[in-house]
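Student: I have a new structure open and I'd like to learn how to read it. Can you walk me through the main features?

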Amino acid sequence: MLDSFDYKAGGLRSIGDVAEKANPGTYTYFIRLDENPSSDRTATFLGNVTEQISKVCNDLATHPVLSKASAINALGFSQGGQFLRAYVERCNHPPVHTLVTFGSQHNGISEFQNCGENDWVCQSWDGYLKRNTWSHFVQSRLVPAQYYRDPEDLQGYLDNSNFLADINNERVDSGNATYKENLKKLKRFVMYMFSEDVTVVPKESAWFADYNKTSEKITWLKERRIYKEDWLGLKWLDEYNRLEYKIAEGKHMQLSEELLSETFRQYFGVNPASNEKI
């Protein structure tokens with residue numbers, strides 16, 4: 001389980017309790033980038049995402065319980081969703097059976113969110129983030145910049161993105177076939193979009209949709225080259241009924257226990273329902 005808070009946050013721990021209640025005996029592991037909760041929280045804004053994913057890959061591959069599992073289920077909140085997808089694409093050991101993401105920025109963000117009133121880390125770096133987005137310094141240090149994607153500056157994105165352009169296989173001439181093959185190993189990829197999300201711009205990024213700020217046109221996944229030419233295996237997953245688009249009512253990360261319980265029962269149970277085409 002991965003989200004945008006520190007791994008010992010009470011809200012995250014309570015979600016683990018819901019998972020246990022929905023499927024008794026569930027073993028829950030909270031992914032962390034540092035054992036210190038404060039440092040772990042800071043790492044959600046400061047850090048090189050490529051290096052962070054490598055650490056997660058190593059942590060799971062050497063975990064005394066998870067490393068012996070034939071498969072695991074993964075749940076990612078907000079930016080944690082695309083980071084877990086990167087785990088699947090880049091290493092996937094132990095392999096992920098079902099990946100569920102809530103309000104994730106799979107197609108990036110075209111606007112940076114405002115810093116919280118007491119978020120001193122964000123406030124300290126906000127100027128660098130917005131004025132020097134494509135610089136190597138920012139791309140290797142500030143997490144939100146590494147999944148920033150402006151459709152009106154695609155070349156700048158393709159030339160400089162440290163993370164998202166790579167895991168989305170958008171550099172077609174140097175695409176990574178392993179990413180596609182690993183993603184195709186998922187038995188289910190479930191993407192929730194929050195209906196009233198104003199934190200993630202555009203909110204439709206949760207479904208890999210593209211958004212043009214000037215024309216306000218939304219280009220849905222099935223209309224995009226990434227799907228039509230199947231750069232990532234999303235079309236393949238869709239054709240085998242393994243890709244699901246879901247709506248979570250409310251604002252960003254406004255999750256009810258009822259929705260979480262339903263998600264755990266439906267997708268993470270011992271014998272989850274399957275609509276897979278044979």
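Tutor: Sure! Helices and strands here are DSSP runs, with at least four residues for a helix and at least two for a strand. Keep in mind that this is a predicted model.

Student: Okay, how many helices and strands does the protein have?

Tutor: Its secondary structure comes to 12 helices and six strands.

Student: What does the radius of gyration say about the overall form?

Tutor: You set it against a rule for a compact globule, using C-alpha atoms. For 278 residues the rule gives a value near 19 Å, and the protein has 18 Å, so the two agree. Along the principal axes, the C-alpha atoms fill a box of roughly 50 × 45 × 35 Å.

Student: And what share of the residues count as buried?

Tutor: Buried means under 20% relative accessible area. Here 52% of the 278 residues fall in that group. As for the surface, the protein exposes about 13000 Å², and carbon and sulfur atoms supply 48% of that.

Student: Which residues have the most contacts inside the largest nonpolar core?

Tutor: The general idea: nonpolar side chains tend to be buried together in soluble globular proteins. In this case the largest core has 52 residues, and the ones with the most contacts inside it are Val 96, Phe 163, Leu 186, Phe 189 and Leu 234. Another core, of 19 residues, lies apart from it, and includes Ile 15, Ala 22, Phe 30 and Val 100.

Student: What does Val 96 touch, beyond its close sequence neighbours?

Tutor: Leaving aside neighbours within four places in sequence, Val 96 is in contact with Ile 72, Ala 74, Tyr 87, Val 88, Lys 185 and Leu 186.

Key. Residues numbered from 1 in each chain as written. Predicted model: local features only at pLDDT ≥ 70, side-chain atom pairs only at ≥ 80, totals over all residues. Heavy atoms only, no water. Rg over C-alpha atoms; globule rule 2.2 N^0.38 Å. Buried < 20%, exposed > 50% of the residue type's maximum accessible area, 1.4 Å probe, protein only. Areas by Shrake-Rupley, 256 points an atom, 1.4 Å probe, with all protein chains shown as cover. Core = buried A, V, L, I, M, F, W, Y, C linked by side-chain atoms within 4.5 Å. Contact = heavy atoms within 4.5 Å.
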